[in-house]
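Notebook open, viewer running. I'm jotting down what I look up as I go.

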Amino acid sequence: MSLIRLFVLIPFALLLGGCDLVVLNPSGDIALQQRDLVVISTILMLLIIVPVMALTVFFAWKYREANNPADYDPDWNHSTYLELVIWAAPLLIIICLGAITWMWTHLLDPYRPLDRVAADRPVAAEVKPLEVEVAALDWKWLFIYPEHGIATVNEMAAPVDRPIRFRLTATSVMNAFYVPALAGMIYAMPGMETTLHGVINKPGTFDGFSANYSGDGFSGMRFAFHGVDDEGFDTWVEKVKAEGGALDRTTYLELAKPSENEPVRFYASFEPQLFRLIRDRCAEPGKMCMDEMMAIDARGGLGLAGIALLQPADGKRPAARSAFFGPKSTTVTGICTTEEAVAAAELSQPVARPRDRTPLLGAGLPRPPLVSLAPPKLDASLLSRALSGT
């Protein structure tokens, strides 16, 4: 009797586990379109799955051993009509799924700017998307509002019916930014920038979190997303400015250290171009940014003279080449403009001066001349004297 009660209660327990149906009842237009795609795709697949499951039960019952009156035809091997149904129905479903997925994949591209805030409301020409820069730290979320000069940790807000453009990056490992009520999930990766467009159509407070495991503090990497009207958003901005401090580079480097279950923090100002410093991994003072390094490489590099600017990454031991592991990791200590500046740099070991005595100009140095591979020309008189031994 107890087993019967247990089996009766199991469906109710499953229902309690799925009370939060935010994915099927979102509050943003992008999430609504994604919901429709999921529902339509599921229904199309069920057109095949349900008949197959029903026919499996039907055939097992019809051709059971105890069903003696059933027809017995051991020589049956082909049916044209059955083959048409078996192959045509799945083919049509696959064509429909492919067409719908191809269309919605382009319409719901996270990099595509929004052309509507709802099904019957296009974006007005004068409306500018709200810019939000997002950085996934270990293990907290940093939100930067460049238009308003504020930054927050583990809390953000946006006006209802206004397009939002997220620019996302990370500091150390890959995370996944996800607000189910707003839009789909998108990755935030170190050294890279991703983009997500979305809009919230209903006021309220919605859960946001990282949907990609990223370490010990992953479970507490959650934030609150507030959808408010324009007046409420202005009030929230003023609250951040009134209660927040300054997010300078020193404060950011302290904030970026791994920590778990961080409380909400407000910053009334932030370091100029902080998002770029995080994305290009150069928030530490004196460290070259990735975009600067790539610009130098695109212009031909620093040439042989640039070797004088390198020192070991640990700053302790000289760079050494290993036969098995390759050269030791090095970092660029700086870009100098004169030979005297190179001599004044604090290097871990004496460095031979480059042959090229022209000043170091950084990006845009001319490429070194090509070395001719042709053999040198020999003087005939010197060759005859060498052969004769004179």
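Which residue in β4 does A136 stand opposite? I looked it up, and the partner is W141. Note to self: this is a predicted model, so I'm reading a prediction here.

**Entry 1: strand β3.** I then checked who else sits across from A136, and found A170 in β7. So I followed both neighbours of β3. With β7 (residues 164-170), β3 pairs in the parallel sense, over seven bridges. With β4 (residues 140-145), the strands run antiparallel and five bridges join them. A hairpin of two residues links β3 to β4.

**Entry 2: is β3 buried or exposed?** I went through residues 130-137, and eight of the eight are buried. Buried means under 20% relative accessible area, so β3 is largely enclosed by the rest of the structure. I looked at its two faces as well: L130, V132, V134 and A136 are buried on one side, and E131, E133, A135 and L137 are buried on the other.

**Entry 3: the UniProt record.** The unreviewed entry puts "transmembrane region" at residues 37-61 and 81-104. I checked both spans in the model. Residues 37-61 are 100% helix, with the end C-alpha atoms 36 Å apart. Residues 81-104 are 100% helix too, and their end C-alpha atoms lie 34 Å apart.

**Entry 4: a surface patch.** I found a nonpolar patch on the surface made of L21, V23, L24, V39, I43 and L47, with about 520 Å² of accessible area together. I picked out L47, which lies in helix α2 (residues 29-62). L47 is partly exposed, at a relative accessible area of 48%.

How values were computed
Residues are numbered from 1 along each chain as its sequence is written. This is a predicted model: local features need pLDDT of at least 70, side-chain atom pairs count only at pLDDT 80 or more; totals for chains, interfaces and linings use all residues. Side-chain values use heavy atoms; hydrogens and water are left out. Patches are made of residues with over 30% relative accessible area and no salt bridge: like charges are joined within 9 Å, nonpolar side chains (Val, Leu, Ile, Met, Phe, Trp, Tyr) within 5 Å. Accessible areas come from the Shrake-Rupley method with a 1.4 Å probe; for residues, only the protein chains shown count as cover. A salt bridge is a side-chain nitrogen of Lys or Arg within 4 Å of a carboxyl oxygen of Asp or Glu. Helices (H or I, at least four residues) and strands (E, at least two) are DSSP runs, numbered from the N terminus. Buried means under 20% relative accessible area, exposed over 50%, partly exposed in between (1.4 Å probe, protein chains only). UniProt positions are given in the numbering used here, feature names are shortened, and annotations may be inferred rather than shown by experiment. Two strands pair if DSSP finds at least two bridges between them.
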